[in-house]
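Work through the exercises below with the sequence and the model at hand. Each task is followed by a solution in steps.

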Amino acid sequence: MKNLEPKAAFDFLQQNPGAILVDIRSEIEHYFVGHPPGAIHIAWSDGPNWEVDPQRFVPQVKSATGGEDRPVVLICRSGNRTVDAGRALEAAGFTQVYHVEHGFEGRSEEHTSELQSHSLSRMPS
């Protein structure tokens, strides 16, 4: 899995139109906090049970991408969930998995300092 800073992820998606951006946050986060343009939503975990289920997640990503060889860029709130989700995709045979460091909002303790997250880097959302 390759790590991308938010700006690098944005540039990568612009330069690779076949790549797919997957927002793995919960449905509430995706719709009420906002999401990057063009992102598809496939939750890594969601209510009401909030269980992580790679056996559900991986086939949904495979269906959205059409196979394991299409570049997949994963984004979550802070960049933590995408690491586990990316590992699950790689274990399932995905060959081009990218993780957006700092996620969409950044870690909550970072909100008092200069941030590198997607939304606070003034990236489109």
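The exercises concern a predicted model and cover a helix pair, a loop and a surface patch.

**Exercise 1.** Describe how helix α3 and helix α4 pack, and state which residues make the contact.

Solution. Start with the limits of the elements: α3 spans residues 54-65 and α4 spans residues 81-91. Next take the geometry: the axes lie 10 Å apart and the packing angle is about 70°. Angles of 65 to 115 degrees count as roughly perpendicular, and α3 and α4 therefore fall in that class. Then list the contact: α3 contributes Pro 54, Phe 57, Val 58 and Val 61, while α4 contributes Ala 85, Ala 88 and Leu 89. Finally, sort the contact residues by class: 7 are nonpolar, none is polar and none is charged.

**Exercise 2.** Find the backbone features of Pro 48 and Trp 50, and place both residues.

Solution. Begin with the peptide bond from Gly 47 to Pro 48: omega is near 5°, and the bond is cis. Pro 48 sits in the loop between β3 (40-41) and α3. Turn to Trp 50, a residue other than glycine, where phi is positive, near 60°. Trp 50 also belongs to the loop between β3 and α3.

**Exercise 3.** Which residues make the nonpolar surface patch, and where is Tyr 31?

Solution. The patch is formed by Ile 28, Tyr 31 and Phe 32, and its area is about 400 Å². Tyr 31 is located in helix α2, residues 27-33.

Notes. Residues are numbered from 1 along each chain as its sequence is written. This is a predicted model: local features need pLDDT of at least 70, side-chain atom pairs count only at pLDDT 80 or more; totals for chains, interfaces and linings use all residues. Side-chain values use heavy atoms; hydrogens and water are left out. Patches are made of residues with over 30% relative accessible area and no salt bridge: like charges are joined within 9 Å, nonpolar side chains (Val, Leu, Ile, Met, Phe, Trp, Tyr) within 5 Å. Accessible areas come from the Shrake-Rupley method with a 1.4 Å probe; for residues, only the protein chains shown count as cover. A salt bridge is a side-chain nitrogen of Lys or Arg within 4 Å of a carboxyl oxygen of Asp or Glu. Helices (H or I, at least four residues) and strands (E, at least two) are DSSP runs, numbered from the N terminus. Axes are lines fitted to C-alpha atoms, for helices over the stretch in contact, and angles run from 0 to 180 degrees between N-to-C directions. Angles under 35 degrees count as roughly parallel, over 145 as roughly antiparallel, 65 to 115 as roughly perpendicular and the rest as oblique. Contact means heavy atoms within 4.5 Å. Ala, Val, Leu, Ile, Met, Phe, Trp, Tyr, Cys and Pro count as nonpolar, Asp, Glu, Lys and Arg as charged, and the others, Gly among them, as polar.
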